[in-house]
Protein chains: 4
Amino acid sequence: MMRAWMLPAGCDGFDKLFLKDDVPDPTPGYGEVVVAPRAWSINYRDFAVASGQYFGGVLKADAVPLSDGAGEVVALGEGVTGLAVGDRVQSSFFPHWVEGPARMGPALGDGTGAGMLAERVVLPASGVVPMARTLDFAQAACLPCAGVTAWNALCEGGRPVQAGDTVLVLGSGGVSTIAMAIARASGARVIATSSSDDKLARLRELGASETVNYREIPDWGAHVKQAFGGADKVVEVGGTGTLGQSFAALGFSGEVALIGVLSHGEPPSPHALMMVGGTLRGIFVGSAAMARKLNAAIDANGIKPAIGRRFAFEDAPAAYAHAWSSDSFGKTVIELR
Amino acid sequence: MMRAWMLPAGCDGFDKLFLKDDVPDPTPGYGEVVVAPRAWSINYRDFAVASGQYFGGVLKADAVPLSDGAGEVVALGEGVTGLAVGDRVQSSFFPHWVEGPARMGPALGDGTGAGMLAERVVLPASGVVPMARTLDFAQAACLPCAGVTAWNALCEGGRPVQAGDTVLVLGSGGVSTIAMAIARASGARVIATSSSDDKLARLRELGASETVNYREIPDWGAHVKQAFGGADKVVEVGGTGTLGQSFAALGFSGEVALIGVLSHGEPPSPHALMMVGGTLRGIFVGSAAMARKLNAAIDANGIKPAIGRRFAFEDAPAAYAHAWSSDSFGKTVIELR
Amino acid sequence: MMRAWMLPAGCDGFDKLFLKDDVPDPTPGYGEVVVAPRAWSINYRDFAVASGQYFGGVLKADAVPLSDGAGEVVALGEGVTGLAVGDRVQSSFFPHWVEGPARMGPALGDGTGAGMLAERVVLPASGVVPMARTLDFAQAACLPCAGVTAWNALCEGGRPVQAGDTVLVLGSGGVSTIAMAIARASGARVIATSSSDDKLARLRELGASETVNYREIPDWGAHVKQAFGGADKVVEVGGTGTLGQSFAALGFSGEVALIGVLSHGEPPSPHALMMVGGTLRGIFVGSAAMARKLNAAIDANGIKPAIGRRFAFEDAPAAYAHAWSSDSFGKTVIELR
Amino acid sequence: MMRAWMLPAGCDGFDKLFLKDDVPDPTPGYGEVVVAPRAWSINYRDFAVASGQYFGGVLKADAVPLSDGAGEVVALGEGVTGLAVGDRVQSSFFPHWVEGPARMGPALGDGTGAGMLAERVVLPASGVVPMARTLDFAQAACLPCAGVTAWNALCEGGRPVQAGDTVLVLGSGGVSTIAMAIARASGARVIATSSSDDKLARLRELGASETVNYREIPDWGAHVKQAFGGADKVVEVGGTGTLGQSFAALGFSGEVALIGVLSHGEPPSPHALMMVGGTLRGIFVGSAAMARKLNAAIDANGIKPAIGRRFAFEDAPAAYAHAWSSDSFGKTVIELR
């Protein structure tokens, strides 16, 4: 038997989380492994799942939440090669998107299949990724959704980031802080925005060379263009409410990586893209191959995901509450203590 | 002295075009050439210029219209190399965008500088392009705006068209018909839309393997996705009014090339791009280098731009009127007879 | 029981082929399928395998030869999705290279594992590819090695072929003839070489716009550069003996796709690559994903692999002998009659 | 009148350098500027020019040597825009290769036209590049040949370096040291080779995470592959004598950037490229656009070219002698004091 946090069928918010302590231990099928997570992290989409507003809608059955976990392999199914019991691994958001172009498919913790917030999880072997050698479980648990999203946004597609580029990141959440670290490691200059001067100071400590308080400068898009020459990449975690500003910030041949669903509002006209020959690229996390490349970059550059606060497994609801609050910065982590 | 068609200062429509027959003959400066056009073509943007709705707004002074012309070099300024009197050349929409990434700048016929609809025009040597060997003046005159736009949309950027791709073109205008020819020459399957079954029949003759009457199938985007597996490229000449359907038509990792300002309406949410890892790329014509590549493709494949109707130089206003009408198909050409 | 052609342990030539008629019928494991080939084709490497000169050296045990076959799925193992009994499929040269960057691994018919020249073959489901809809079994059987190699050479890597490019193909073998078809379908101009004027005439019929008899013009590399402006792509099936000429034929930023091991001789200095900013790219067949893209291109463009001669399954040794002779043109096919 | 160092017609070595002090002051033509260099650097090719072994062969007339200089604009010809007197600029190796794909053409200091080792030089405006804001003249003078070559090798072509890649640099010369800095700024892990443990220690200080003494490990190529997993990029400054080892060091889909003419020997067979799907790319410095991107990367990352020793303008021959000796490390600079 093992413990797992679960969201009930019909769930309308993360306050409905409950801990079930008599879940049968999973056994791996052909090509599968059992992973015992030691740490987890929470992403924005996990709130959407909990409130029944994710792609699958209201939960039809009790479901284990979360896509992000890191731990050890504790059992191997038949036919598994390249992995051994004891390997330190992290989950892969889309367990069946191993490599190649975008394809999506079922995602961990989407309410319809496996979720990570349990003591043991069965995963396809192709859907686990060896942890970066230089990270601990808590740090590696920050990566499956936010880290791979940031890597995809910056390092994949038709215009990967290069040394000397200017990268604009919005806010201080999990995607933005790891994107900043990847951009800095790639030799880019980073401009970061926030409405809090305190957070801007922390972002400068983390490597931002320029910061913009978007409350003080509501036209921050045009400001970025005029003061800093325009962005080659915008990591757009906001959504339709900020997209117009992101377009305005873009330099010639620049790319807005569209990640966000945080803000709402009328979508802006995309005609600004024509004036700079720019692109808007839809990002939906990424593949296991991207996670491997991210981990190589982490090991080569000593990147450490920014962890705001940590909570015990037993306090998962408090972790959710913190991640949802305006106090959160970087990633909120749950760990087995 | 020479003749030139002109739009008057404050012009509010192409019916104000007037023919001036005592324009001084131009002389080339350092690095410039004089071109004597033999044929011209009209683009949608020429109506915007004439009605004072282009980027520069209402014309501040009389101006020669049109970006597109093809003819012969008749005089060379100092320091010009690689061109000789008698060379058959076409204009370049952005005369100073020779090659490399997007940069735009002043465009021919935008009402603020040189325009092509005259008997002789001074152009920077870098802003003329040798005609495709297999085209005549009228055919070459179809290319500077519509042809290069179509080339840029299909063959540049992060995801150039490849044999076996599916390309969706909207309508039967100048950009769409040349895009169809380029796509076919590149080995792609082409799906074309129109509201006229007659035009759809002509598009099938020109190489479309599938056609969709968008009046009969208002949800043509979803239809393209279901019936044909989704588009790898959409040549989006419509604008905000059709963009939502174009997003819906897109397959995984596909690209919508955003060209159009024809239709209006609320911009759609771009979130559909996230679900397919797709991109929206802003296209604003292209460089002289792109024109040269297009011409090589034309010569290698026997591509002929689709010319709907031809008018004499003296009948330029009638050419404008035809191009503006719903009878037009492909390019409307003006020629010296 | 089933029949299979086999090479004996220690085999030193294809004349040692023997037909075994009491091979146990294979059963598929988890994730595997059984394919019943209807047609096969022979590649140059199959001679190397038969003579003990392939990567694995002299055969250590009896082995079924050939990598290339097309037929029907006749049985499914557990866990197979996306395939059904009766599906028309072709083999994949590297059954475990599904997609993504180069990785190679064990190849069909390399003498160490499965080979295709049998009445039934067990393959991993990921290692079979649905046939192009417009091809029959014999045509599809031409593609797994030669077709995918040609696709990889032309359409993958850092400089995929585009309409208007100039492509140089050497000789009239299986790779060169399918490469010519792909290049033409992609809108390229094709230059072909041979020492036989008869074969050059056949190559012009197949789409070559220029041909060079390399016996008459020993410096055919420089000739291609001077007469035709240089090649953007060379499909180099020759090897070290022709590589110097291929370098000389290359235009600025062109690419030589290195496939060949046919000719021998001192490797040339690669410094010619510096003078044109060119690349030499090593090609070793390709992935199942490339095969799928090739098949889409075939269906969209009516490409038919050039089949020189066909032999019955029972006459496999005669097929080998023909493919080895100087009479062969395009692909030599074996089929079940 | 001004001073210029010159190589005499028929020159057979840099010991023939002579200082001419009555060279007429240059005046700029249309589109040209006059630059007064404050610092210069020496490249390997400058020895080839001096000994009559560069592409043009033995000098036909007295010529000013060197491609690399940095200084101030002191006069503008007609038609120059975007530059002003007093601007801090560096030379561009190929003054007419502004941007776009490889094209080469006449190079500064090649013995047939302008060279930089003079008090004032006339250059086309498009052939000067604004200095990186964070460099002084001596540092900027290190870049036109070696720096742009390193940038082209690592950051252009079909496989630009990314964070997490493994880059192998050979030796401690000018190209290798700046390549190491660019690779580190781009987030790559760097492996460096030398025959001197002292130099290896200095390379580790400059950012190499792994070093290999190629005298102790003659099979350093295979060693790099086994011990470090293979290189994604090799900056091959050696030439045919080291190329075989570079091929052996290459990982899957890796690229050898071919720069070098330092070592001689039989060219190795390129078949190793086939086994890893690797490429060999010929590098011949690069364009002004690449220099601008390099300078942006330098400013964003605080890169400082490694300067081994500095000499006064009057001691140019001593600078040549030092650069030629085995004591040299990084770049040898000449400066106006």
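**Exercise 1. Find the domains of chain A and describe how they meet.**

Solution.

Step 1: bounds. Chain A is assigned domain 1 (2–142 + 305–335) and domain 2 (148–282). These bounds come from an automatic or database domain assignment. The model is predicted: local features need pLDDT of at least 70, side-chain atom pairs count only at pLDDT 80 or more, and totals for chains, interfaces and linings use all residues. Residues are numbered from 1 along each chain as its sequence is written, chains are lettered from A in the order in which they are written, and side-chain values use heavy atoms, with hydrogens and water left out.

Step 2: distance. The C-alpha centres of domain 1 of chain A and domain 2 of chain A are 28 Å apart.

Step 3: contact. Nine residues of domain 1 of chain A and eleven residues of domain 2 of chain A take part. Contact means heavy atoms within 4.5 Å.

Step 4: area. Between them, domain 1 of chain A and domain 2 of chain A bury about 800 Å², with 67% of it on carbon and sulfur atoms. Buried area is the accessible area (1.4 Å probe) that two parts lose on being put together, summed over both. Which three residues supply the most on the side of domain 1 of chain A? They are A:Y44, A:F329 and A:G330, with 63% of the area that this domain buries against domain 2 of chain A.

Step 5: polar links. Zero salt bridges cross the interface of domain 1 of chain A and domain 2 of chain A. A salt bridge is a side-chain nitrogen of Lys or Arg within 4 Å of a carboxyl oxygen of Asp or Glu. Three residue pairs are in polar contact between domain 1 of chain A and domain 2 of chain A (both at pLDDT 80 or more). A polar contact is a pair of N or O atoms within 3.5 Å; within protein, one must be able to donate a hydrogen and the other to accept it, and residues adjacent in sequence count only if both atoms are side-chain atoms.

**Exercise 2. Describe the interface of chain A and chain B.**

Solution.

Step 1: contact and area. Chain A puts 32 residues in contact with 32 residues of chain B. The two chains bury about 2400 Å², and carbon and sulfur atoms give 72% of that area.

Step 2: polar links. Salt bridges between chain A and chain B number zero. Five residue pairs are in polar contact across this interface (both at pLDDT 80 or more).

Step 3: elements. On the side of chain A that touches chain B, two or more residues come from each of α7 (240–249), β12 (250–258), α8 (271–276) and β13 (279–282) of chain A. Helices (H or I, at least four residues) and strands (E, at least two) are DSSP runs, numbered from the N terminus. Which element gives the most? It is α8(A), with five residues.

Step 4: symmetry. A turn of 180 degrees and a shift of 0.0 Å along the axis lay chain A on chain B, with an RMSD of 0.0 Å. The fit is by least squares on the C-alpha atoms of residues with pLDDT of at least 70 in both copies. In chain A, A:G158 comes closest to the rotation axis, at 1.9 Å (C-alpha). The copies meet through the same surface, because 100% of the interface residues of chain A are also interface residues in chain B.

**Exercise 3. Describe the interface of chain D and chain B.**

Solution.

Step 1: contact and area. Five residues from chain D meet five residues from chain B. The area buried between chain D and chain B is about 420 Å², of which carbon and sulfur atoms give 45%. D:Y30, D:E99 and D:R103 lose the most area to chain B, together 91% of what the chain D side buries.

Step 2: polar links. Chain D and chain B share two salt bridges. D:E99 forms a salt bridge with B:R103, with the closest N and O atoms 2.9 Å apart.

Step 3: symmetry. Chain D superposes on chain B (RMSD 0.0 Å) by a rotation of 180 degrees with 0.0 Å of shift along its axis. That is the relation of a two-fold axis. The C-alpha of D:G100 is the nearest to the axis in chain D, 2.6 Å from it.
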